[in-house]
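Please report on one helix, the chain contact and the nonpolar core of the structure below.

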Amino acid sequence: MTPDSSRRRLLQSILAASSSLALPSLYAAPAPAPLLTRPIPSSGEQTPLIGLGSWITFNVGRDPQARAESLDVMRQFFAGGGRMVDSSPMYGSAQDVIGEAVQALKPPRLFSADKVWISGGARGVQQIETSRKLWRVPRFDLLQVHNLLSWEEHLNTLLAMKKEGRLRYVGITTSEGRRHGEIEKIMASQPIDFVQISYNALDREVEQRILPLARERRIGVIVNRPFRQGDLTQALAGKPLPGWAADIGCTSWAQALLKFIVSHPAVTCAIPATSSVAHVRENLLAGSGRIPDEALRKRIAQDAERFA
Amino acid sequence: MSEWWTYTLSDFLMFSQRSYYRLIALYNEAVWPAHLLALVSGLVVIGCIARPDMRTRRTRRIALLILAAAWAWVGWAYHLERYADINTAGPYFALAFGVQAVALCIMALGPHGAAPAGTQKQVALGLTGLAVIAYPLLALGSGRGWNQVEVFGIAPDPTAIATLGVLLACRAHPVYWLLPLAWCAVSGATLMELRVGYAWLLPTFSILAVAAGLLFRHTKHPPAH
């Protein structure tokens, strides 16, 4: 054995030993940061900042391939710590697609949020029961009056259900800035737990009255259409991410837009809808790590407006 | 219900472009080879319009009964059995297509009207030809592939366009135009919301058919045999 070969062997063994110790800490994928939560104001129950919407994305009819893809999205969502899934009888086959996933995955911490959307109180009761069967759940966690349709009658039904222990939370919804005056009146006068609204870095009208009122009245806020149905992310696609994005752990505009929403102190969670497993992962990451402060929120909004 | 005014067209869009065309692909797969029969029927309709004796009862009746069968089939097999899965209005569309099928039967069995003017006949032939022969090619032109073709008598849009052509050729009473025009408006709006490149076709064809019907409505013709 020459000195060179013995030295080579010694070096190899040292390298092998050191790599076996050092590599895992240097190269193993870091464990994902935990999904941040915020308390539901009326109960204190912690809810992850990112939920899952189902408008358009899960309405796939009987298409077996698309149903399997939806199942994958929900599997990833629950595996990443997500809890709140939101749907509506207005979303076609979405409730049944969710129900199929609930049956297959049996998510232990599912927070089921659905809506009632029909004229007349008696028909509402029937619709809620149909929805519950489609979801394959014993009861809903949250039921909301969708777009304020026949809201007086439905709110009476939902509040009675809550009183009887057949429902945990009651809410109302609107989208695209509709009927905010009426929403405010209901928030001010009715014992609701949640209000669902549209809010994003460009559509910020709710910051004036609805979000402050929600804080004052201890009403949870669910944010729908965070990307303006994809228009916002599409408009920002290819635009360079400003330097602040790295500071808050964002690698895409979608994450930055979500962080903007959930960083508002009145917001309980955002419910982006997606049919892509990669996007659900990306969305969940926006609910972890550093949350922008007020100054950074202003910069995000300004930059989103400038680029979109 | 006072709340309806607060909705916009996009609020009623419940599905993605991908889901819509996947539905058509699965439907095509399920009903194949009915497309061949539908295509032959469409060619027969074109032949009826092209014949110089379109105003005769027999020729007219053949074209209208083929259309009636197409509307009934699309209403049941497409709207009720499939489209209703992703669109809650599906059963209402099925009902409307059933009503139009009955209307076309009534028209076929009723007294015949006037023959089309020369220009009307050309527009009618053009519309029906586009619906039967060219419309299926849109899927290929859009890069969607053969499995997503929309064929006259199978899919609603080419069926409605071909119907406008035949109604024009028959110089039909305006009441028979209502549902085909309404469908072209609904489907055109849906395709626009889905951002389909050729969404403008349905409204354009509708305007063309109505314009040809109105502009030449006073043209005189020899009496029918």
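The report takes the helix, then the contact, then the core.

This is a predicted model, in which local features need pLDDT of at least 70, side-chain atom pairs count only at pLDDT 80 or more, and totals for chains, interfaces and linings use all residues. Residues are numbered from 1 along each chain as its sequence is written, and chains are lettered from A in the order in which they are written.

Helices (H or I, at least four residues) and strands (E, at least two) are DSSP runs, numbered from the N terminus. A residue is buried if 20 or more other C-beta atoms lie within 10 Å of its own, exposed if 12 or fewer, with C-beta atoms placed from the backbone.

| Residues of α7(A) | State |
|---|---|
| A:Ile210, A:Leu211, A:Ala214 | buried |
| A:Pro212, A:Glu216 | exposed |

Helix α7 of chain A spans residues 210–217, and A:Ile210, A:Leu211 and A:Ala214 are its buried residues. They lie on the same side of α7(A) because they cover an arc of only 100° around the axis, the arc being that of the directions from the helix axis to the C-beta atoms. A:Pro212 and A:Glu216 are on the other side. The cover over the buried residues includes α6 (180–189), β7 (194–198) and β8 (220–224) of chain A. Just after α7(A), A:Arg218 has a positive phi of about 55°.

The contact (C-beta atoms within 7 Å) involves 16 residues from chain A and 14 residues from chain B.

The largest nonpolar core, a set of buried Ala, Val, Leu, Ile, Met, Phe, Trp, Tyr and Cys residues joined through C-beta atoms within 7 Å, has 141 residues. Helix α3 (residues 57–86) of chain B gives the most to this core, with eleven residues.

Definitions and conventions
Two residues are in contact if their C-beta atoms, placed from the backbone, lie within 7 Å.
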